[in-house]
Amino acid sequence: ISPFLTGSRIVEPGVLEAAPYVLMGTQKHVVTGAGDSINARGEFDPKVPVYGLYRKGKVYTDDETDEVLGVEAMDIGSVRVTKTEGDIAEMNVLRSTKEVLAQDRLLPSEERRIDAIFYPSTPENDIEGSIIDVEGGVNQVGAMSVVLINRGKREGIEVGNVLAIFDKGERII
């Protein structure tokens, strides 16, 4: 399942706006990425040595209820804190998937436990929902595509649950 996992996250509204942010690269390069140093501002937990770098992406809403389901935090890379002074931190960029920009946000790296073995199963209750996005910015879904749906834990979906996808066909007279 590793090829299907991405570093991007879905966060509650307001989380990215409240998170520490990148000020600029310390070497003033045109492009800042892996191997460079950056300065950032915000509240940094001394117990968190590594942060993920994120950029605000799409805001996901439920088409039926207009409820905001979450905000995409696009994975930009990861950084290690090397020095802090007040609310300013110097960090080394460990990994980057895109150019690091001023205002990119920093969230503590989350431990994502991946079960090596899981058993496909159906959810305990019937679940009806919609595909709201396709990973990778494409609009066509095929076998092995990663999709986001407007249902989750609160509706009873668990790791390993398998859902069928149906699309309305053409009307034939």
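In this predicted model, the chain carries 19 positive and 29 negative side chains, and the centres of these two sets lie 5 Å apart. Side chains of opposite charge can pair when their charged atoms come close. In the chain examined here, the count of such salt bridges comes to nine.

One of these pairs is formed by Asp87 and Arg41, whose closest N and O atoms are 3.2 Å apart. The two residues belong to distant parts of the chain, since Asp87 is found in the loop between β5 (68-85) and β6, whereas Arg41 is found in strand β3 (residues 37-41), with 46 residues separating them. Asp87 has a relative accessibility of 36% and therefore counts as partly exposed, and Arg41, at 33% relative accessibility, also counts as partly exposed.

A salt bridge is also formed between Asp133 and Lys58, with the closest N and O atoms 2.9 Å apart. Asp133 lies in strand β8 (residues 131-134) and Lys58 in strand β4 (residues 50-61), so this pair ties together parts of the chain that are 75 residues apart in sequence. The partners differ in their exposure: Asp133 counts as buried because its relative accessibility is 12%, which is under the 20% limit for that class, while Lys58 is partly exposed, with a relative accessible area of 40%.

The side chains of Arg95 and Asp75 likewise meet in a salt bridge, at a distance of 2.9 Å from N to O. Because Arg95 lies in strand β6 and Asp75 in strand β5, the pair ties together parts that are 20 residues apart in sequence. Here Arg95 is partly exposed, with a relative accessible area of 36%, whereas Asp75, with a relative accessible area of 11%, is buried. Elsewhere in the chain, Asp62, Glu64 and Arg151 are joined into one network by salt bridges that share partners.

Strand β6, which covers residues 88-96, also holds Asn92. This residue is partly exposed, its relative accessible area being 31%. When neighbours within four places in sequence are left aside, Asn92 is in contact with Asp36, Ser37, Ser78, Val79, Arg80 and Thr82. With Ser37 there is a polar contact between the two side chains, at 2.9 Å. By contrast, Asn92 and Ser121 are 29 residues apart in sequence, and their C-alpha atoms are 42 Å apart in space.

The chain as a whole contains one helix and nine strands. Read from the N terminus, the order of these elements is β-α-β-β-β-β-β-β-β-β, which places the helix between the first strand and the second. The C-alpha trace spans about 70 × 35 × 30 Å along its principal axes. Among contacts between residues at least 6 apart in sequence, 61% join residues that are at least 24 apart. Of the 173 residues, 28% count as buried, and the chain exposes about 12,200 Å², of which carbon and sulfur atoms supply 51%.

Note on methods:
Residues numbered from 1 in each chain as written. Predicted model: local features only at pLDDT ≥ 70, side-chain atom pairs only at ≥ 80, totals over all residues. Heavy atoms only, no water. Helix = DSSP H or I, 4+ residues; strand = E, 2+ residues; numbered from the N terminus. Buried < 20%, exposed > 50% of the residue type's maximum accessible area, 1.4 Å probe, protein only. Contact = heavy atoms within 4.5 Å. Polar contact = N/O pair within 3.5 Å; in protein donor to acceptor, adjacent residues only side chain to side chain. Areas by Shrake-Rupley, 256 points an atom, 1.4 Å probe, with all protein chains shown as cover. Lys, Arg positive; Asp, Glu negative; His and termini not counted. Charge placed at Lys NZ, Arg CZ, Asp CG, Glu CD. Salt bridge = Lys/Arg side-chain N within 4 Å of Asp/Glu carboxyl O.
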